[in-house]
Amino acid sequence: MKQTQKGFTLIELMIVVAIIGILAAVAIPAYSDYTRKARFSEVVSLTGSFKTAVELCVSEQGFQTGDAITACGNGSNGVPGTPAATANLASLSVSDAGAITATATTQAGLDTFIITPAVVTGGITWTQSGSCQTSGFCR
């Protein structure tokens, strides 16, 4: 009589467990990095309204190409005051020169995002810096 196999052998089960373990070892670090990048994107997006306010301040003050920006800090000339911290944003400040510095919380990577304005012909250019560039969280 012919005997039919029922179920899996021990070696087959061990191979499946090993494959799942390898996939988990690769996926979990990638997922946590992705999560931190997503949290840091909130920090970057919260600077948007302050960036617009600084641009309006520069425009309304009549700064010309090459002029040093002044009086465009938190709470002056239409620039909003310092916002409250959030789950991902530890602090956000705007200097009188219009430079915006946003710092993330521990959950979002503790990185800083700094954008600095300069008046040029036809508008304003923004220079980006901060520790988020070295960690790859901002471009």
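Author: A polar contact is a pair of N or O atoms within 3.5 Å; within protein, one must be able to donate a hydrogen and the other to accept it, and residues adjacent in sequence count only if both atoms are side-chain atoms. The model before us is predicted, so local features need pLDDT of at least 70 and side-chain atom pairs count only at pLDDT 80 or more, whereas totals for chains, interfaces and linings use all residues. Residues are numbered from 1 along each chain as its sequence is written, and side-chain values use heavy atoms, with hydrogens and water left out.

Reader: Which backbone oxygen lies 2.5 Å from a polar side-chain atom of Thr 47?

Author: That of Val 44. Thr 47 itself is found in the loop between helices α1 (10-46) and α2 (48-61); helices (H or I, at least four residues) and strands (E, at least two) are DSSP runs, numbered from the N terminus.

Reader: Is Thr 47 buried or exposed?

Author: Buried means under 20% relative accessible area, exposed over 50%, partly exposed in between (1.4 Å probe, protein chains only). Thr 47 has a relative accessibility of 3% and therefore counts as buried.

Reader: With which residues is Thr 47 in contact, leaving aside its neighbours within four places in sequence?

Author: Contact means heavy atoms within 4.5 Å. On that basis Thr 47 touches Leu 92, Ile 100, Ala 102, Phe 113 and Ile 115. Ile 100 and Ala 102 belong to the covered face of β2, and Phe 113 and Ile 115 are buried residues of β3.

Reader: In what order do the strands of the sheet lie?

Author: Two strands pair if DSSP finds at least two bridges between them. Here four strands form an open sheet in the order β1-β2-β3-β4, and the pairing is antiparallel. β1 (89-94) and β4 are the edge strands, each pairing on one side only.

Reader: How many bridges join β1 to β2?

Author: Five, with the two strands running antiparallel. Within this pair, Ser 91 stands opposite Thr 103 of β2. The two strands form a hairpin with five residues between them, and Gly 98 in the turn has a positive phi of about 90°.

Reader: What is the bridge partner of Ile 100 in β3?

Author: Ile 115 is the partner of Ile 100; both residues also appear among the contacts of Thr 47. Thr 101, in turn, has Ile 114 as its bridge partner in β3. Overall, β2 (residues 100-104) and β3 pair in the antiparallel sense over four bridges.

Reader: Which side chains of β3 (residues 112-120) point to the buried face?

Author: Side chains alternate along this strand: Phe 113, Ile 115, Pro 117 and Val 119 lie on the buried face, while Thr 112, Ile 114, Thr 116, Ala 118 and Val 120 point to the other and are not buried. β2 can be read in a like manner: Ile 100, Ala 102 and Ala 104 make up its covered face, and Thr 101 and Thr 103 its uncovered one.

Reader: Over how many bridges do β3 and β4 (residues 123-129) pair?

Author: Over seven, in the antiparallel sense. Ile 114 stands opposite Ser 129 of β4. The hairpin of β3 and β4 has two residues between the strands, and Gly 122 takes a positive phi near 90° there.
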